[in-house]
Amino acid sequence: MAERPQALSAGTRLDGMIVERLVAQGPVHAVYRASDPALGRSFAVKEYLPAGLCERGADGVVRPLEGQEDAFATGLERFREQARLAATLDHPGLAETIRLGEGHGTAWLVMRWYEGRPLQDMLPADSGHDMARAMALQLMDAVQHLHEHGLVHRDIKPGNVIVRDDGSL
């Protein structure tokens, strides 16, 4: 498995926001919780940071690894296209897209921050069939909405599904 590039540190400024913490880092993206002091609001920031294709230098700039320039550029353009498409979607089961930002050699997607718990944290605590069925139906509805608009999520897993305080996804 390829080594993951270094994620942004807490306190890093990004497009007027301040990174509070790394929430998750997968093979293609890093997700942060960031705050916007001007708005007094938190956001989720998804950064294009593919393992095996790039590294973050000491200056904070993301650079493709030698020989991976084309693959990195192709993935970055795909990330931009998906961000633009995601911004057109409006569905209660999908994170609201706020804006697409670029800089430091990469791009990031700013999304609404939702308070709640990852589904994976709830599964062992409540294995009731009614709850599981209700969540599965909400998730399938959101995935159908993505597919109807030409998007494929590619990383649906309990850790990426946030259950809001009211029980909705």
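Student: In which helix does arginine 80 lie?
Tutor: The model we are looking at is predicted, and every value here is computed from it. When we follow the chain to arginine 80 and ask which element holds this residue, we arrive at helix α1.

Student: Is arginine 80 buried or exposed?
Tutor: A residue counts as buried under 20% relative accessible area and as exposed over 50%, so we need the value for this side chain. Arginine 80 has a relative accessibility of 17%, and because that value falls under the first cut-off, arginine 80 is buried.

Student: With which side chain does the side chain of arginine 80 make a polar contact?
Tutor: If we leave out residues up to four places away in sequence, arginine 80 touches Leu100 and Glu102. The polar contact joins two side chains at 2.9 Å, and the partner of arginine 80 in that contact is glutamate 102.

Student: What is the strand order of the open sheet?
Tutor: This sheet has 6 strands, and its pairing is antiparallel. Its edge strands, each of which pairs on one side only, are β1 (13-14) and β7 (97-103). Reading across the sheet from β1, we find the order β1-β2-β3-β4-β8-β7.

Student: Which residue in β8 stands opposite alanine 44?
Tutor: Within the sheet, β4 and β8 pair in the antiparallel sense, and this pairing runs over 5 bridges. Looking across to β8 from alanine 44, we meet methionine 111.

Student: What angle does the direction of α1 make with that of β7?
Tutor: Helix α1 packs on the sheet, where it touches β3, β4, β7 and β8. Taking the direction of the helix together with the direction of β7, we get an angle of about 155°.

Student: How many residues of β3 are buried?
Tutor: Strand β3 has partners in the sheet: 6 bridges join it to β2, and it pairs with β4 over 8 bridges. The strand is mostly covered, and of its 8 residues the number that are buried is 6.

Student: Which residue in β3 stands opposite valine 19?
Tutor: The strands β2 and β3 run antiparallel, and a hairpin of 3 residues leads from one to the other. Following the pairing across from valine 19 into β3, we come to alanine 34.

Student: Which residue in the turn between β3 and β4 has a positive phi?
Tutor: These two strands pair in the antiparallel sense, and one facing pair is serine 35 with serine 42 in β4. They form a hairpin with 4 residues between them, and the turn residue with a positive phi, of about 65°, is glycine 40.

Student: Which strand gives the largest share of the largest nonpolar core?
Tutor: This core has 26 residues, and those that touch the most other members include Met17, Tyr32 and Phe72. Elements supplying at least two residues each are β2 (17-25), β3 (29-36), β4 (41-48), α1 (69-86) and β8 (106-112). The largest share, 5 residues, comes from β8.

Student: How many residues make up the other core that lies apart?
Tutor: Among the members of this other core are Ala86, Leu89, Ala142 and Leu151. It lies apart from the core of 26 residues, and its own number of residues is 6.

Student: Where is aspartate 15 found, given that it has a positive phi although it is not a glycine?
Tutor: The phi of aspartate 15 is about 55°, and the residue is partly exposed, with a relative accessible area of 42%. Placing it among the strands, we find that aspartate 15 belongs to the loop between β1 and β2.

Student: And where is the place of histidine 104?
Tutor: Histidine 104 is not a glycine either, and it has a positive phi of about 55°. With a relative accessible area of 42%, histidine 104 is partly exposed. Its place in the chain is the loop between β7 and β8.

Student: What is the radius of gyration of the protein?
Tutor: The protein has 3 helices and 10 strands, and its C-alpha atoms fill a box of roughly 50 × 35 × 30 Å along the principal axes. For 169 residues the globule rule gives 15 Å, and the protein comes close to this, so it is as compact as a globular protein of that length. The radius of gyration itself is 17 Å.

Note on methods
Residues are numbered from 1 along each chain as its sequence is written. This is a predicted model: local features need pLDDT of at least 70, side-chain atom pairs count only at pLDDT 80 or more; totals for chains, interfaces and linings use all residues. Side-chain values use heavy atoms; hydrogens and water are left out. A nonpolar core is a set of buried Ala, Val, Leu, Ile, Met, Phe, Trp, Tyr and Cys residues joined through side-chain atoms within 4.5 Å. Buried means under 20% relative accessible area, exposed over 50%, partly exposed in between (1.4 Å probe, protein chains only). A polar contact is a pair of N or O atoms within 3.5 Å; within protein, one must be able to donate a hydrogen and the other to accept it, and residues adjacent in sequence count only if both atoms are side-chain atoms. Contact means heavy atoms within 4.5 Å. Two strands pair if DSSP finds at least two bridges between them. Axes are lines fitted to C-alpha atoms, for helices over the stretch in contact, and angles run from 0 to 180 degrees between N-to-C directions. The radius of gyration is taken over C-alpha atoms; the globule rule is 2.2 Å times the number of residues to the power 0.38.
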